Amino acid sequence: MSDIRSIRDYNRPLWRRILLSRETAIVVLLLVVALVSAISVRGFGQPITVTFLLLDVAPILLIALPMTLVMITGEIDLSVGSMVGLSSVVTGALVQAHVPFGLAALAALAVGVIGGAVNGFLVTVVGLPSLAVTIGTLALFRGLAVGTLGTTAVTDFPAEWTALAQAKISGTTIPYIMVPFLILLAVFAVVLHFTPFGRGIYAIGLSKDAARFSGVHVERTKMLLFVASGLVAALAGIFYTLRYGSARGDNATGLELQVIAAVVLGGVSVFGGRGQLYGVVAAVLLIGTLSSALRLANVTSDVINIITGVLLVLSVVAASLLTWLQRARRRPIPRAAALTAP
C-alpha cells in the first residue's frame, strides 16, 4: 500500500506536494516555536543562545544526514551514538600516546568507516535485519570505547583545535562546525534528490524486489549508506570530543535515540520509501530550539524529555491518521446490492 500511496502523491500539483506536507508543517512549527520563545523566554533572543543551540545540535545534524538515507531504504542504524563514543576514545587515546591530532582524527574516521562496513556486511551479505545488527554493534562499539579508556578521561587536546570547535564565523553567531555540515547537507541533498543513486534509495524503501528488477544494486547501495553513517558518526565524535575537551567511553550515550527521533519527526517513514532532508533538518532544529527555550525557562531535563517524547508520538500519530484518512477518501464506495424479483 505504501507503494501506491507514494505514486499517487506525485499526481498532485508540485505546490500542494510542498506546502501540504509534513515537512513543511515542521518548518512552520519551528518558526512559530522560535518566535514565541524569543518573545516570551528571557534571554532566548540573545546571539549567544543561537551559538550554543547550534553547537548542541551539531552532532545530531551531522548524523541525521546519512541516517535519513539509511531509513528511507527501510533500514536503521542504532550504533551511531556508540560510534561517536568510540571515535572520541580513539582520538583521545592516540593524542595521549603523543600522536599528532590530525593523524588521530584520521584514525578515528577510519574506525568509523570500518564500523559502518561491519554493519553493512552483516545486513547486506549475511542478510541479518539491521535492527538486530546495530543493537549488537551498539553494545560492541560502546564496550570497546569503555574498555579502551576505562573510567579515565583524556583532556589534553591542542588548544587551537578545541578553540576552533567552539569558534564562530567572523562577524556572525554561527559556529564553524556549520560549514562542514552545510557542505555535507549539499552533498547528501544532491545525491538523494537529483541522482539515479538517490532514486534507487527511494525505490529500495518502497520495494526491494521492484528496485532490483529496475536495475538498482540494493546490497551495494545499503553498504555505502552504512559506511557513510559510520564515517559521519566518527566525524561527529571528533567534534564532540573537541567541543567538550574530553574523550570518554561514555560520550554521547543515548545520542542515537535523539537522531532517530528527529529523523522520524522530520517526516521519514520508519517503513522506508519516504522522506526529505529539509524536513529532518527542521526537526533537529525544532527539538533543539524547544529544549533550549525550556532550559532557559528553568524546566528540568526530565520534563524536557517528556515534552520531546510527546511531540514525537503526536507527530507519528498525526501522520498515521492522515494516511488513514487519505486511504478512506480513495476507497471506492460499494454499490448497493440490486433487488431481484422472483
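Author: Buried means under 20% relative accessible area, exposed over 50%, and partly exposed in between. Keep that scale at hand; this is a predicted model.

Reader: Is Val33 buried or exposed, and why?

Author: Its relative accessible area is 16%, so Val33 counts as buried. Val33 sits in helix H3, residues 22-40.

Reader: How far apart are Val33 and Ile287 in sequence and in space?

Author: They are separated by 254 residues in sequence. In space, the C-alpha to C-alpha distance is 9.8 Å.

Reader: Which residues lie nearest the centre of the second largest pocket?

Author: Ile287 is one of them. The others are Ile60, Gln258, Ser291 and Arg295. The lining has 26 residues, and the volume is about 680 Å³.

Reader: Which helices supply at least two residues each to that lining?

Author: H4 (47-72), H12 (218-244), H13 (255-265), H14 (277-296) and H15 (301-330).

Reader: And what is the lining of the second largest pocket by class?

Author: It has 15 nonpolar residues, nine polar and two charged.

Reader: Now the surface. Which residues form the nonpolar patch?

Author: Trp161, Leu164, Tyr176, Val179, Ile183 and Val187. Together they have about 510 Å² of accessible area. Helix H8 (159-166) and helix H9 (178-194) each give two or more residues. H9 provides the largest share, three residues.

Reader: Where does Val187 lie, and how does its relative accessible area class it?

Author: Val187 lies in helix H9. The range between 20% and 50% is partly exposed. At 45%, Val187 therefore falls in that class.

Note on methods. Residues numbered from 1 in each chain as written. Predicted model: local features only at pLDDT ≥ 70, side-chain atom pairs only at ≥ 80, totals over all residues. Heavy atoms only, no water. 1 Å grid on protein atoms, 1.4 Å probe; cavity = no way out; pocket = protein on both sides within 12 Å on 5 of 7 lines; lining within 4 Å. Points joined across faces, edges and corners; volume = space filled by probe spheres on them. Helix = DSSP H or I, 4+ residues; strand = E, 2+ residues; numbered from the N terminus. Nonpolar A, V, L, I, M, F, W, Y, C, P; charged D, E, K, R; others polar. Patch = residues over 30% accessible without salt bridge, like charges linked within 9 Å, V, L, I, M, F, W, Y side chains within 5 Å. Areas by Shrake-Rupley, 256 points an atom, 1.4 Å probe, with all protein chains shown as cover. Salt bridge = Lys/Arg side-chain N within 4 Å of Asp/Glu carboxyl O. Buried < 20%, exposed > 50% of the residue type's maximum accessible area, 1.4 Å probe, protein only.
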